[in-house]
Amino acid sequence: MEVKFNEEALAVAHKIIARYPEGKQKSALIPLLHLAQAEFNGWLSPETMAYVGSLLKIQAVEVYEVASFYSMFNLKPVGKCLIEVCRTSSCWLRGANEIIEHIEKKLGIKDGETTQDGMFSLKTVECLGSCGTAPMMMIGAQFHENLTYEKVDTILDSCKSEDKRKTYFDEVTVKDY
Amino acid sequence: MGKKILLEHDHVPGIQGYEVYRNCGGYASVEKAIKTMSAEAMVEEVKKSGLRGRGGAGFPTGMKWSFLAKPEGVPRYLVCNADESEPGTFKDRYLMSRIPHILVEGMITSSFALGVNTAFIYIRGEYFYIVRILENAIKEAYANGWLGKNILGSGYDLDLYVQVGAGAYICGEETALLESLEGKRGNPRIKPPFPAIAGLYGCPTVVNNVETIASVPYIINNGGDDYAKIGIGRSAGTKLISASGHINKPGVYEIEMGITVEDFIYSEEYCGGIKNGKKLKAVVAGGSSVPVLPADKIINLPSGEKRLMTYESLSEGGFAGGTMLGSGGFIVMDETTSIVENLFTFARFYHHESCGQCSPCREGTSWMEKILHKIMDGHGTLADIDLLWEIQSKIEGNTICPLGDAAAWPVASAIRHFRHEFEAYVTNPNAVNKVRHYENMNA
């Protein structure tokens with residue numbers, strides 16, 4: 001499959017690239033990787049990284065060097081609904097471990113795995129800045145806070161038919177000033 | 001009620017939007033600055049205010065601004081550090097999502113003072129939904145003539161952009177942030193040169209925290225002397241405290257610096273006391289990096305007086321008996337908390353977030369996590385506790401950036417104040433009370 005942004009995404013990409021001074025277009029790399037991840041099923045394949053590199057006129061390996069540094073970039077396929085649960089101190093103090101166990105049991109997967117139907121992936125993450133509303137998880141770009149088992153069940157049940165991987169594209173859209 | 005500067009209008013319905021913000025006196029500082037003040041006079045006011053960097057380091061903002069190099073024909077940049085990632089800290093997120101225009105106004109006023117024509121807000125990737133909120137606020141500011149070309153007919157031009165990160169604590173370190181903004185891995189740079197001389201794209205750059213920038217409009221409107229009167233001594237002004245953990249009322253509170261720690265934890269105005277009527281065990285007062293203190297040491301000073309919520313009072317007693325205000329990430333632990341397990345979550349965090357550039361941090365953080373895991377599993381030895389101490393002491397001060405220190409201090413302080421707990425895990429692991437936390441939740 002040829003990796004290429006559709007017209008709309010390409011327009012956004014060019015708008016982002018135009019923000020930076022002449023010769024400093026590499027600054028657009030991280031925003032473009034977010035855009036690409038949202039456009040191409042929630043992860044960055046080698047082909048996707050090479051394509052983003054071609055837009056910025058840099059080598060694929062330079063893209064990989066950056067993509068592999070940041071935890072939000074998935075270098076392997078993920079489910080339509082990526083569940084990221086915080087496990088650092090404040091969330092741990094208020095029951096994050098139990099929430100993680102509950103999700104693992106409910107979905108029959110462990111941290112880092114994807115359900116067989118490709119619907120859910122579970123990823124434990126470090127502090128997302130939601131400590132006052134702990135425990136919490138992020139799905140797409142949305143924070144779900146003050147979690148209880150019941151709340152988690154309701155949220156996951158409502159996710160069953162949705163593809164949350166596009167949410168980022170929605171959020172990253174660059175405004176015309 | 002203490003004085004509120006940043007959250008004064010937090011309760012006003014619609015304050016997220018431009019009209020309401022403007023009706024509450026918003027953007028007055030831009031008008032005052034551009035129409036009546038010189039850039040030098042503005043820097044002077046910020047110096048007089050005693051405002052210190054609110055991201056954690058507490059460096060005087062006015063001094064940082066005065067270091068900015070101004071060579072002819074070279075652009076200068078202002079970058080707002082909205083990469084808030086210090087565990088226990090969520091104040092910037094709160095402020096940006098509730099009152100985005102206060103940050104936009106602060107960016108414009110500060111940019112004018114620094115002679116900057118392009119400014120960025122670098123925000124952590126996980127705060128994606130706030131990008132939309134900020135972009136809307138910026139769009140409104142452009143539409144009303146506060147941004148763009150020839151602002152208020154003064155001939156002054158400014159463009160403001162939001163730049164999104166992608167999940168890396170280290171990008172909160174200002175030189176790592178600049179690397180990331182240039183589209184690279186977030187590896188901190190060796191200093192000097194400092195960003196004030198060679199920052200973004202090698203040009204003179206100021207990097208300031210969200211809360212710092214948001215405090216500037218008040219200072220410009222009311223004068224530095226007025227701001228300096230709030231708070232106590234070198235802890236001037238108000239501070240946003242992110243309160244979390246085992247308390248009745250977690251949340252973000254704007255405090256006038258100088259209230260007692262005891263008052264902050266127990267009064268109804270702030271944390272409302274310990275959840276479920278339990279006793280206080282320990283507090284991490286300024287985000288995960290600062291030393292943890294047991295209840296008596298956080299409430300009282302060595303002299304017996306009450307400890308205050310100020311930079312100076314929190315650090316009184318040095319590293320052996322004090323802590324730091326840091327970012328204001330205030331994590332409260334009740335009597336059921338295992339200090340060892342809490343420390344493990346910090347150690348795992350720093351291991352995950354080490355950029356890998358310096359070997360003491362790269363190897364040390366992973367080693368400390370492994371040892372703590374071993375101790376928690378009941379396979380630790382007394383020698384492991386000494387080894388942990390040894391490793392943290394070898395990381396501290398031996399890395400390019402402060403992440404190494406940040407990883408070392410929680411370990412050092414936990415062993416210093418709670419060595420008996422580590423020993424209990426090692427000598428009698430079956431007797432260690434494994435706490436179930438779920439019962440504490442949302443009761």
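# Exercises on a predicted two-chain model

The side chains of B:Arg419 and B:Asp386 form a salt bridge with an N to O distance of 2.8 Å, a salt bridge being a side-chain nitrogen of Lys or Arg within 4 Å of a carboxyl oxygen of Asp or Glu. The model is a predicted one, in which local features need pLDDT of at least 70 and side-chain atom pairs count only at pLDDT 80 or more, while totals for chains, interfaces and linings use all residues. Residues are numbered from 1 along each chain as its sequence is written, chains are lettered from A and ligands numbered from 1 in the order in which they are written, and side-chain values use heavy atoms, with hydrogens and water left out.

## Exercise 1: salt bridges within chain B

Work out where the partners B:Arg419 and B:Asp386 lie in chain B, and state whether B:Arg419 is buried or exposed or in between.

Step 1. B:Arg419 belongs to helix H18 (residues 403-427) and B:Asp386 to helix H17 (residues 382-395) of chain B, so that the pair, 33 residues apart, links distant parts of the chain; helices (H or I, at least four residues) and strands (E, at least two) are DSSP runs, numbered from the N terminus.

Step 2. B:Arg419 has a relative accessible area of 30% and is therefore partly exposed, and B:Asp386, at 42%, is partly exposed as well. The classes are buried under 20% relative accessible area, exposed over 50% and partly exposed in between, with a 1.4 Å probe and protein chains only.

Step 3. Another pair to look at is B:Glu31 with B:Arg22, whose closest N and O atoms are 3.5 Å apart in a salt bridge; B:Glu31 is partly exposed because its relative accessibility is 26%, and B:Arg22 is partly exposed at 28%.

Step 4. A search of the whole structure finds 35 salt bridges over all chains. As a general point, side chains of opposite charge can pair when their charged atoms come close.

## Exercise 2: the contact between the chains

Describe the contact of chain B with chain A, beginning with how many residues each chain gives to it.

Step 1. Chain B contributes 68 residues and chain A 54 residues, where contact means heavy atoms within 4.5 Å.

Step 2. About 5,300 Å² is buried between chain B and chain A, 57% of it on carbon and sulfur atoms; buried area is the accessible area (1.4 Å probe) that two parts lose on being put together, summed over both.

Step 3. Three salt bridges are counted between chain B and chain A, and B:Glu135 and A:Arg19 meet through their side chains in a salt bridge at 3.5 Å, N to O.

Step 4. On the side of chain B that touches chain A, H7(B) gives the most, with nine residues. The residues of that side divide into 31 nonpolar, 22 polar and 15 charged, with Ala, Val, Leu, Ile, Met, Phe, Trp, Tyr, Cys and Pro taken as nonpolar, Asp, Glu, Lys and Arg as charged, and the others, Gly among them, as polar.

## Exercise 3: the surroundings of B:Glu126

Find where B:Glu126 lies in chain B, and decide whether B:Glu126 is buried or exposed.

Step 1. B:Glu126 sits in the loop between strand S2 (118-123) and helix H7 (128-143) of chain B.

Step 2. B:Glu126 counts as buried because its relative accessibility is 7%.

Step 3. Leaving aside neighbours within four places in sequence, the contacts of B:Glu126 include A:Ser71, A:Met72, A:Phe143 and B:Gly167.

Step 4. The side chain of B:Glu126 also makes a polar contact with the side chain of B:Arg124 at 3.0 Å. A polar contact is a pair of N or O atoms within 3.5 Å; within protein, one must be able to donate a hydrogen and the other to accept it, and residues adjacent in sequence count only if both atoms are side-chain atoms.

## Exercise 4: backbone features

Locate A:Pro135, and describe the peptide bond from A:Ala134 to A:Pro135.

Step 1. A:Pro135 is in the loop between strand S2 (120-125) and strand S3 (137-139) of chain A, and the peptide bond from A:Ala134 to A:Pro135 is cis, with omega near -5 degrees.

Step 2. In chain B, the peptide bond from B:Lys191 to B:Pro192 is cis, with omega near -5 degrees.

Step 3. A:Asn41, a residue other than glycine, has a positive phi near 65 degrees and is in the loop between helix H2 (29-39) and helix H3 (46-56) of chain A. For comparison, most residues other than glycine have a negative phi, and most peptide bonds are trans.
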